[in-house]
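Let's take a walk through this one together, beginning with a single pair of residues and working outward. Have the structure open in your viewer as you read.

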Amino acid sequence: MGDAYNITMPEPLANKEFSKTENASAETRTVHAVCTHDCPDSCGVLVTVDTLTGRAMKVQGDPAHPVTRGFLCGKVARYLDRVYSPERLLYPMRRRAGIAKGPLPKGREVEAFDRISWDEALEFVAQKLKAAAKEFGPETVLPYSYAGTIGQLGYGSMDRRFFHRLGASQLDRTICASAGGEALKQVYGVRLGTAPQDFTHSGLIIAWGANIHGNNIHLWPFIEEARRKGARLVVIDPYRTRTAALADEHLAIRPGTDGLLALAMMHVLFRDGYDDAAYMRECTEGGEALRVHALSEEHSPRRAAQVTGIAADRIESLAKAYGQAGNDGRGAAAIRLNYGIQRSENGGTAVRAVAMLPLITGSWKQRGGGLLLSVSGGFPFNEAKLRMPDLMEASPLGRTARVVNMSELGLALTELGSDEKDDPKVKALFVYNCNPATVAPDSERVMEGLRREDLFTVVHEQFFTDTTDYADVVLPATTFLEHKDVMGAYGHLFVQISQPSIAPLGEARSNVWLFGELGRRMFPGEVEFEDGEEELIAQALETRHPFFTGVTKERLEEEGHVALSLPKDERGECLPFSTRAWFKSPSGRAELTPVPVWVAPSESRSGTEGGGKFPLEFLPRKADNFMNSTFANLPGHRLMERKTAGLLEMHPTDAAARGVTSGDGVSVWNERGRITLTARVGETVPPGVVAARLDWQKLSQDGANVNALTSERLTDIGGGATFYSTLVEVEKSSGGVGGLLVPSIADKR
């Protein structure tokens with residue numbers, strides 16, 4: 001199992017518990033760290049360090065962590081390949097005079113830069129930011145970051161203080177999860193859900209847009225335990241993921257129709273009496289309106305089948321199984337909802353609809369029931385203390401700065417400031433924790449903006465990336481083994497502290513150090529920039545919220561992880577949303593109105609742009625063994641992804657209509673861009689859908705990746721990116737690798 005699914009199990013540790021550090025032998029020591037990459041599992045990591053050389057020798061999962069349970073995913077099991085890669089950025093660099101911004105060949109990027117000292121780099125960056133702010137106004141500076149680290153310090157602390165004090169534009173960090181997170185809050189008032197350990201008690205598990213094997217692997221053992229006790233696993237996903245291949249049933253839904261499927265399930269639940277009327281009266285607001293809405297004929301399984309591509313009898317069967325779960329000795333129904341469904345134009349409404357299902361049946365009342373999207377709302381860190389948004393009032397603006405949506409970076413860099421109403425133009429871009437030239441939608445437009453000669457760009461990174469190709473200054477960043485942080489999770493309920501295992505390589509520096517140094521240079525004498533990691537961690541934990549009862553810095557230093565203090569019932573069970581006390585909405589109940597109304601994404605077969613010049617729905621998938629674009633440059637990780645490298649997956653029906661066979665070169669295009677791939681014909685996608693995975697631009701054929709095709713259109717709720725509402729056409733082209741080398745996989749899964 002470990003080899004097949006890239007799970008690395010540790011050597012036997014005799015159930016030994018580890019604190020923050022421990023001498024494993026006279027020659028080594030073991031340090032407790034936390035994987036701070038953007039993953040729900042937020043694993044406890046034990047790092048074995050050679051005490052003589054200070055070099056990390058091994059990483060493994062913490063066996064004492066109740067969710068990590070001693071193993072790591074394939075990505076992080078090879079983490080030392082990343083830390084000690086010969087391609088690591090180790091020194092500050094400045095673009096050489098006369099070298100134009102633009103794509104650089106992998107391995108030769110250094111030729112465009114000169115090494116400089118940190119003192120030179122900080123002074124140069126500070127002077128450029130000062131000059132831009134003075135001439136054009138401070139909002140001309142745009143920070144651009146996301147979740148390259150999700151530790152409290154690395155994600156948002158000293159950096160926010162710095163940009164708030166400067167008066168820079170604020171960034172609305174929407175690219176991944178804003179639609180789903182906001183939708184969950186609209187229904188429940190808070191982002192909470194079923195604990196992963198409780199999935200062992202489930203009788204029916206629905207993985208809705210959730211590739212658990214690819215990006216939530218530590219939930220899988222709990223699901224397997226439930227299945228050994230008789231539970232069924234149903235996967236709803238347009239693509240036949242590794243998780244779908246292992247499920248009891250896979251429903252290959254058409255992209256952007258999840259909300260309609262949820263409404264059809266509601267139709268059956270209300271029609272056949274599977275609703276828990278007493279629970280709905282007590283814990284929901286707007287239940288009757290939802291009932292009437294769901295029972296309309298437009299939401300019948302028959303009508304939904306025509307749009308979703310899932311047969312009516314299978315919708316009926318799924319809804320009845322969901323309604324019957326938890327009765328007559330059956331385990332309850334749990335939904336593992338992930339963020340894929342909210343990356344379409346109607347994605348927020350889709351999440352609202354799915355999130356209402358356990359409120360109809362009352363499955364929250366049973367252990368193993370409910371829904372898990374995110375539990376990040378269970379971690380009441382003192383973000384105001386860390387980020388100090390009030391510093392904007394002390395900035396030259398004297399007010400709250402404008403907000404720029406990160407999912408519209410291309411627009412921000414090419415059009416913002418062209419009208420007086422949205423002045424000023426972005427003149428300085430500071431990128432950290434992110435690789436926007438790879439991951440931002442409508443990448444052709446993004447790179448047009450990054451090429452601007454009048455745009456000063458700073459990138460704080462661990463490697464040369466697609467984005468550093470456009471940088472004026474490149475600054476070396478630390479990995480999670482090289483700095484300290486504290487963090488929660490969005491997939492489990494434990495607070496953790498991550499200790500630095502090794503000294504920073506070369507001259508790599510953390511976000512806290514970098515923005516503290518810039519703050520001290522630009523705003524000398526201001527105490528907000530004097531705090532270091534220890535002070536910031538203490539500030540993050542300054543809260544009287546009951547969930548943090550017993551969570552102290554001292555205890556975290558000693559134990560590594562501490563469970564949240566969540567309410568428990570008379571049986572000692574923690575059952576979120578089983579009573580009214582859990583809801584944090586304005587009414588104090590789950591909000592079921594306005595009722596969710598399914599509207600076809602305009603870029604879909606059922607939408608206003610469907611059936612025209614671009615008839616195929618395109619899925620720009622994430623790789624199982626990369627973390628978005630992180631790890632994509634490492635040879636070992638690329639080897640794990642070799643089976644889908646540079647491929648367009650097509651259904652036989654669509655391939656035959658275009659004269660395409662496996663191994664043919666194909667051009668995939670729409671009005672925004674064009675990419676070149678090699679076809680693989682099979683049944684990993686349903687008819688009318690094609691899929692390819694995200695990769696770096698410079699590692700893609702013709703230097704263009706899947707985001708050349710995606711748009712900057714935003715979701716209905718939360719202003720998120722709509723990667724999965726994309727229409728394309730495919731045509732056979734020259735190239736490819738030959739059909740024999742890329743066999744059809746229709747019958748091989």
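**Starting from one pair**

R621 stands opposite R693 in strand β29. Keep in mind that what you're looking at is a predicted model. The partner strand, β29, covers residues 689-693, and R621 belongs to strand β25, which covers residues 616-621. The two strands run parallel to each other, with five bridges between them.

Now look at how β25 sits in its surroundings. Is it buried or exposed? Six of its six residues are buried, so the strand is mostly covered, where buried is taken as under 20% relative accessible area. You can check this one face at a time. On one side you have L616, F618 and P620, and on the other E617, L619 and R621, and every one of these is buried. That puts our starting residue, R621, on a covered face along with E617 and L619.

Next, jump back along the chain to strand β11, residues 202-208. Here six of the seven residues are buried, so the rest of the structure largely encloses this strand too. Which strands does β11 pair with? One is β15, residues 332-337, which lies parallel to β11 and is joined to it by six bridges. In that pairing, I205 faces A334. The other is β12, residues 232-236, again parallel, this time with five bridges. There, I206 is the residue that stands opposite V234.

Time to zoom out. How many helices and strands does the protein have? The count is 25 helices and 30 strands, with the strands we've visited among them. Of the contacts with a separation of 6 or more, 75% link residues 24 or more positions apart. Buried residues account for 64% of the 749 in the protein.

What about overall dimensions? Along the principal axes, the C-alpha atoms fill a box of roughly 70 × 65 × 55 Å. The radius of gyration is 25 Å, and because a compact globule of 749 residues would come in near 27 Å, the value agrees with that picture.

Finally, the surface and the charges. The protein exposes about 26,900 Å², and carbon and sulfur atoms supply 49% of that area. As for charges, there are 85 positive and 96 negative ones, and the mean positions of the two sets are 2 Å apart.

Notes. Residues numbered from 1 in each chain as written. Predicted model: local features only at pLDDT ≥ 70, side-chain atom pairs only at ≥ 80, totals over all residues. Heavy atoms only, no water. Helix = DSSP H or I, 4+ residues; strand = E, 2+ residues; numbered from the N terminus. Rg over C-alpha atoms; globule rule 2.2 N^0.38 Å. Buried < 20%, exposed > 50% of the residue type's maximum accessible area, 1.4 Å probe, protein only. Contact = heavy atoms within 4.5 Å. Areas by Shrake-Rupley, 256 points an atom, 1.4 Å probe, with all protein chains shown as cover. Lys, Arg positive; Asp, Glu negative; His and termini not counted. Charge placed at Lys NZ, Arg CZ, Asp CG, Glu CD. Pairing = 2+ DSSP bridges.
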